[in-house]
Amino acid sequence: MSAPVQNAPSTRGGRGWELVLILATAVSVPLGLRPISYRLTAGAPPSYIASLEAARTRRPFDPGPREQLRRIAPHYVFIGDSTLGSRIDPAYMTRVLRLPAWWVMQPGTGSAYWFLALKNAVLDSGVKPKVVFIFFRDFTLTDVLFRLDDQFRWTVDTLARPVEPELDRAIARRLDGSWHAVPRMLDAAYAFRPVRAAADTLARQLPVQAVAGPARAGELQQHLNASFGLDRLRPNIAADIASGEDELGDFAHMLPRSVLPDMIALGRAHGIRLCFVRVQRRPRPDGPPVQSPVLQRYIGDLRRYLESNGAVFRDDTGDPDYPLAWYTDGDHTAFRYRQRYTELFSQKLAFLFR
């Protein structure tokens, strides 16, 4: 005969207090980050992107691109990322056209950087080029958050003024969804961003200093950054691009949440013609890259918008002159084809170079 079953003592009350204690700890312990953050950001200026953070220690403005443009006084200016750098040779184009050409080219950038390049480098230089060319891929022209995360923000820092109202306004509109409000709310409560940035910097510096020593740590870090950059880690696949095609491909939705209208307005106000060049992504062995119906509609809407606003739209996609044999990693073409691409570019858009 089995022994009678005894009712176990109730632990509901104890477990309830444990849950309350865990929740209280989870909420209160991160508050300890606030004094650390305040110390890390002591003297930090207000952010030029208030929609993302209140204050930030940033890289200083780099006058180099602006001063290069002043010195060269180019008739034609090119703006873009490494896909531009792998295609156009501005010095060679100067020889081909017998007119000065130059660029503001920075790998790992997006439309936020390109907008600031147009505003704070080209226009602030005082030169008035005949045409400014902006190179982009697929949806990046209207995705203002592309390459604006902590890994790439430093590039935007180098061309940003203390206040960038147009850029901040576009980002605020882009972040109007409820999900994007969560990290801003958490940062307002815990001020975790400066601590995260400092921890990231420390995690990268300690191994480098241990290997190379404090004197050569910076040199080694630059070498590692160049060796392991995204453009070197993507052989035979398309370059990284923001996800969420359905949202990104809704041109009417994304346009007012981008800096593209501000670029158009700047070109019109200063009497400078803008030409937007969509580079061809890595093609297939049997033809051009696959384009989804969403992407095709988006490009059609983009073309109509640009041309109706006086800009020129050039699409390399599907051009048989740019075969797979030209490509190296991702969407980049091989260095040996830069001069040939430059020649073809000046021929295909000859009406802009008259």
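Which residues form one aromatic cluster? The exercises below address this point and others in a predicted model.

**Exercise 1. Identify the members of the aromatic cluster and classify the ring pair of Phe 133 and Phe 353.**

Solution.
- Step 1. The search over the whole structure yields 17 aromatic pairs.
- Step 2. A pair of aromatic rings is characterised by the distance of the centres and the angle of the planes.
- Step 3. For Phe 133 and Phe 353, the ring centres are 5.6 Å apart and the planes stand at 20 degrees. Planes under 30 degrees apart count as stacked, so the pair of Phe 133 and Phe 353 is stacked.
- Step 4. Phe 133 belongs to strand β3, whereas Phe 353 belongs to the segment after α16 (338-348); the pair therefore ties together parts that are 220 residues apart in sequence.
- Step 5. Both rings belong to buried residues: Phe 133 has a relative accessible area of 0%, and Phe 353 has one of 11%.
- Step 6. The cluster itself consists of Tyr 76, Phe 78, Phe 133, Phe 135, Tyr 322, Trp 326, Tyr 337, Tyr 341, Phe 345 and Phe 353.

**Exercise 2. Determine which element gives the largest share of the largest nonpolar core, and describe the surroundings of Phe 276.**

Solution.
- Step 1. The largest nonpolar core comprises 51 residues. Ile 79, Leu 167, Leu 274, Phe 276 and Leu 302 are those with the most contacts inside it.
- Step 2. Two or more residues are given to this core by each of β1 (76-80), α6, β3, α8, α13 (251-254), α14, β4 and α15.
- Step 3. The largest share, nine residues, comes from α6.
- Step 4. Residues up to four places away in sequence are not counted for Phe 276; its contacts then include Ile 134, Phe 136, Leu 141, Leu 260, Met 263 and Ile 264. Leu 306, Ala 311, Val 312, Phe 313 and Arg 314 are also among the residues that Phe 276 touches.
- Step 5. Another core, of 24 residues, lies apart from the largest nonpolar core; among its residues are Val 131, Phe 135, Val 279 and Leu 352.

**Exercise 3. State which residues of helix α14 are buried, and what covers them.**

Solution.
- Step 1. Helix α14 spans residues 260-270, and its buried residues are Leu 260, Asp 262, Met 263, Ile 264, Leu 266 and Gly 267.
- Step 2. The cover over these buried residues includes α6 (111-122), α8 (165-174), β4 (273-278) and α15 (293-308).
- Step 3. Gly 271 follows α14 and has a positive phi, near 65 degrees.

**Exercise 4. Asp 138 and Arg 147 have a positive phi. Locate each residue and decide whether it is buried or exposed.**

Solution.
- Step 1. Asp 138 is not a glycine, yet its phi is about 45 degrees. Arg 147, likewise not a glycine, has a phi of about 60 degrees.
- Step 2. Asp 138 is found in the loop between β3 (131-136) and α7 (153-157); Arg 147 is also in the loop between β3 and α7.
- Step 3. Buried means under 20% relative accessible area. Asp 138, at 8% relative accessibility, therefore counts as buried, and Arg 147, at 8%, counts as buried too.
- Step 4. Arg 147 is placed over the face of Phe 152, at 4.8 Å from the ring centre. Arg 161 is placed over the face of Phe 61, at 4.2 Å from the ring centre.

**Exercise 5. Decide whether Ser 308 is buried or exposed, and find what its side chain reaches.**

Solution.
- Step 1. Ser 308 is part of helix α15.
- Step 2. Exposed means over 50% relative accessible area; at 60%, Ser 308 therefore counts as exposed.
- Step 3. The Ser 308 side chain reaches the backbone oxygen of Arg 304 at 2.9 Å.

How values were computed
Residues numbered from 1 in each chain as written. Predicted model: local features only at pLDDT ≥ 70, side-chain atom pairs only at ≥ 80, totals over all residues. Heavy atoms only, no water. Buried < 20%, exposed > 50% of the residue type's maximum accessible area, 1.4 Å probe, protein only. Helix = DSSP H or I, 4+ residues; strand = E, 2+ residues; numbered from the N terminus. Contact = heavy atoms within 4.5 Å. Phe/Tyr/Trp six-rings, centres within 6.5 Å; stacked < 30°, edge-to-face > 60°. Lys NZ or Arg CZ within 6 Å of the ring centre and 35° of its normal. Core = buried A, V, L, I, M, F, W, Y, C linked by side-chain atoms within 4.5 Å. Polar contact = N/O pair within 3.5 Å; in protein donor to acceptor, adjacent residues only side chain to side chain.
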